[in-house]
Amino acid sequence: MKLQTALAGLTLLLVAGAALAQPVYRNVDKNGKVTFSDQPPSANAPAAPARAGNSVASAGGGLPYELRQVVQRYPVTLYASEDCGPCAAGRSLLVTRGVPFDERTVKSNEDVAALQRLSGQSSLPLLTIGSQQLKGFGDAEWSQYLDAAGYPKSSQLPAGWRNGPAQPLVAQQPAAEPAPAAAAPAPSPAADLPAAANGPTPSNPAGIRF
């Protein structure tokens, strides 16, 4: 009896230990909502919509298959400016970890206005992972969301891979060329001819008109 009781207690401990050891997964849906579950993210989960102009998501053919799938599902874009220490730190994290990303620079008043429409504020840096926005740089926070999206912890980029050059947040419109000046109308040939004389003249006694 005591042996059966001991075995039953051991079984309960093993079950409880297995329950405590069960991993907890962090899931991020296409809208950027984060949930915790004991179920891993579905491989068939809908991909987050790629932002317009995202070159990494559309040109990821040279990436390893698994990384390319993550890039297409959760494209990463860094919004930064020059002389911004946190922006440089965030960029360094992405490069060191081997995360393919697009960079949008915020310089002009139009860029600032577009950033405010996008994030509701004008502070930098701003990182987007799919539709999730991370405002301000935090090493632990950025790493946590990159982990949840499925980006590897160390670089898996092929040798020679380079992210594209940073682009202005608002595309610069080429200056409109001035319209050519209207050409002066050509004088009518008849305008240069002397008016025909009416009636006979010394050179035309009969007054004939041609």
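Contact means heavy atoms within 4.5 Å. The model used in these exercises is predicted.

**Exercise 1. The sheet**

Work out the strand order of the open sheet and find its edges.

*Solution.*
Step 1. The sheet is open and has 5 strands. Their order is β6-β5-β3-β4-β7. The pairing is mixed.
Step 2. Look for strands that pair on one side only. These are β6 (132-135) and β7 (167-168), the edge strands.
Step 3. Now take β3 (residues 76-80) and β4 (residues 101-105). They run parallel, and 5 bridges join them. As one example, Tyr79 has Arg104 in β4 as its bridge partner.

**Exercise 2. The disulfide**

Find which cysteines form a disulfide, and decide whether Cys84 is buried or exposed.

*Solution.*
Step 1. Searching the whole structure gives 1 disulfide.
Step 2. Its partners are Cys84 and Cys87, with sulfur atoms 2.2 Å apart. The cut-off for a disulfide is 2.5 Å.
Step 3. Check the handedness. The angle about the S-S bond is 70°, and the link of Cys84 and Cys87 is right-handed.
Step 4. Check burial. The limit for buried is under 20% relative accessible area. Cys84 has 15%, so Cys84 is buried. Cys87 has 0%, so Cys87 is buried.

**Exercise 3. The nonpolar core**

State how many residues the largest nonpolar core has and which elements supply at least two of them each.

*Solution.*
Step 1. The largest nonpolar core has 23 residues. Those with the most contacts inside it include Val76, Leu78, Leu94 and Leu146.
Step 2. At least two core residues each come from α3 (65-73), β3, α4 (85-97), β5 (126-129) and α6 (139-149). The largest share, 4 residues, is from α6.
Step 3. Look at Leu78 itself. Beyond four places in sequence, Leu78 touches residues including Cys87, Leu94, Phe101, Leu127 and Trp142.
Step 4. Place this in context. In soluble globular proteins, nonpolar side chains tend to be buried together.

**Exercise 4. A loop residue**

Locate Val99, then list its contacts beyond four places in sequence.

*Solution.*
Step 1. Val99 sits in the loop between α4 and β4.
Step 2. Its relative accessible area is 1%, so Val99 is buried.
Step 3. Leaving aside neighbours within four places in sequence, Val99 is in contact with Val76, Leu94, Leu146, Tyr151 and Asn163.
Step 4. Compare sequence with space. Val99 and Leu157 are 58 residues apart in sequence. From C-alpha to C-alpha, Val99 and Leu157 are 8.1 Å apart.

Notes. Residues are numbered from 1 along each chain as its sequence is written. This is a predicted model: local features need pLDDT of at least 70, side-chain atom pairs count only at pLDDT 80 or more; totals for chains, interfaces and linings use all residues. Side-chain values use heavy atoms; hydrogens and water are left out. Two strands pair if DSSP finds at least two bridges between them. Buried means under 20% relative accessible area, exposed over 50%, partly exposed in between (1.4 Å probe, protein chains only). A nonpolar core is a set of buried Ala, Val, Leu, Ile, Met, Phe, Trp, Tyr and Cys residues joined through side-chain atoms within 4.5 Å.
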